[in-house]
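Student: Please take one part of this model and go through it closely. I would like its surroundings described as well.

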Amino acid sequence: MILEVKRNHLEKIRAEALKTRAELCGFIIGRIEGNKALAVEFRRARNVLNSAIRFQIDPQEFLRVLGEVENRTMDIIGFYHSHPSLASPSAEDEKFMSLWPDKIWLIVSSINGDARAFVYKGRIEEIRLKEI
Ligand SMILES: [Zn+2]
C-alpha cells in the first residue's frame, strides 16, 4: 500500500510538530483507491492529554469530523501524530493501531522531521509514503 501526501501538507505538519510542546495529532481525510491511499486533507485535532509523549483525540471532534467527511464522500483514512523521538510506533501506538486495523498511521518526528506511515495487519507494517 502507498500513502500519497501532498508535499506542502507534510511540510506544514513538520513545521507544526516542531512548534508544539504536546504531541500533535489529527485526522487524515481522503480516499482509498485500490492499493493507493490519497490524503486530501489533514485536520488537526486537540490532544486532550496535552502530553509531549502521548496523544488522544477528543472523541467529540472525532464524531464531528466523521459526520463531515461522510457528506463529502470521503473517509477518515487514518490518523497522524508527532513524536519527540523517532517516527516509529510506540507500544502504546501499537495497542491503538490494533483496534483500528483499517486505518493508516502517519508519524512525524519532531526532532528530525522524518515522516513514516504504518498499518496494522496482525502486526505493524510500514507502508510507502509518497510525497506528490
Ligand atoms: Zn505515537
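Tutor: The model is a predicted one, and the part chosen here is strand β4 with what surrounds it. Helix α2, residues 59-71, lies across β2 (25-33), β3 (36-45) and β4 (75-83). Relative to β4, α2 runs at about 140°.

The sheet itself comes next. Seven strands close into a barrel with mixed pairing, and their order is β1-β3-β2-β4-β5-β6-β7. On average, neighbouring strands of this sheet are turned by 35° against each other, direction ignored. In that order β4 stands between β2 and β5. Seven of the nine residues of β4 are buried, so the strand is largely enclosed by the rest of the structure.

The two pairings of β4 can be taken in turn. With β2, the strand pairs in the antiparallel sense over six bridges. One of the residue pairs is G26 with Y80, the latter being in β4. With β5 (104-109), the strand runs parallel, and six bridges join the two. Here G78 stands opposite I104 of β5. To get from β4 to β5 the chain passes through helix α3, residues 91-99, in a β-α-β crossover that is right-handed.

Further along the barrel, β6 (residues 115-120) and β7 (residues 124-131) run antiparallel and are joined by four bridges. In this pair A117 stands opposite I127 of β7.

Helix α1, residues 7-19, also packs against β4. Its 13 residues should span 18 Å at 1.5 Å a residue, and the end C-alpha atoms are 19 Å apart, which agrees. L10, I13 and A17 are the buried residues of α1. These three cover an arc of only 60° around the axis, which puts them on the same side of the helix. Exposed on the other side of α1 are R7, N8, A15 and K19. The buried residues of α1 pack against β4, and also against β1 (2-5), β3, β5, β6 and β7.

The loop between α1 and β2 holds E23. E23 has 22 other C-beta atoms within 10 Å and is therefore buried, as the threshold for that is 20 or more. Leaving aside residues up to four places away in sequence, E23 touches H81 and S82, and both numbers fall within the range of β4. Its other contacts are N47, S51, A52, I53, R54 and F55. E23 and R46 are 23 residues apart in sequence, yet their C-alpha atoms are 9.6 Å apart in space.

Two loop residues remain. T73 lies in the loop between α2 and β4. Its phi is near 45°, a positive value in a residue other than glycine. With 7 other C-beta atoms within 10 Å, T73 is exposed. N50 lies in the loop between β3 and α2, and its phi is likewise near 45°, positive although the residue is not glycine. N50 has 12 C-beta neighbours inside 10 Å and so counts as exposed, since the limit for that class is 12 or fewer.

To return to the strand: β4 is largely enclosed by the rest of the structure, with β2 paired antiparallel, β5 paired parallel, α2 lying across it and buried residues of α1 packing against it.

Key:
Residues numbered from 1 in each chain as written. Predicted model: local features only at pLDDT ≥ 70, side-chain atom pairs only at ≥ 80, totals over all residues. Pairing = 2+ DSSP bridges. Axes fitted to C-alpha atoms, helices over the stretch in contact; angles between N-to-C directions. Contact = placed C-beta atoms within 7 Å. Expected span 1.5 Å × (residues − 1). Arc of directions from axis to C-beta. Right-handed = clockwise from strand over helix to strand, strands pointing away.
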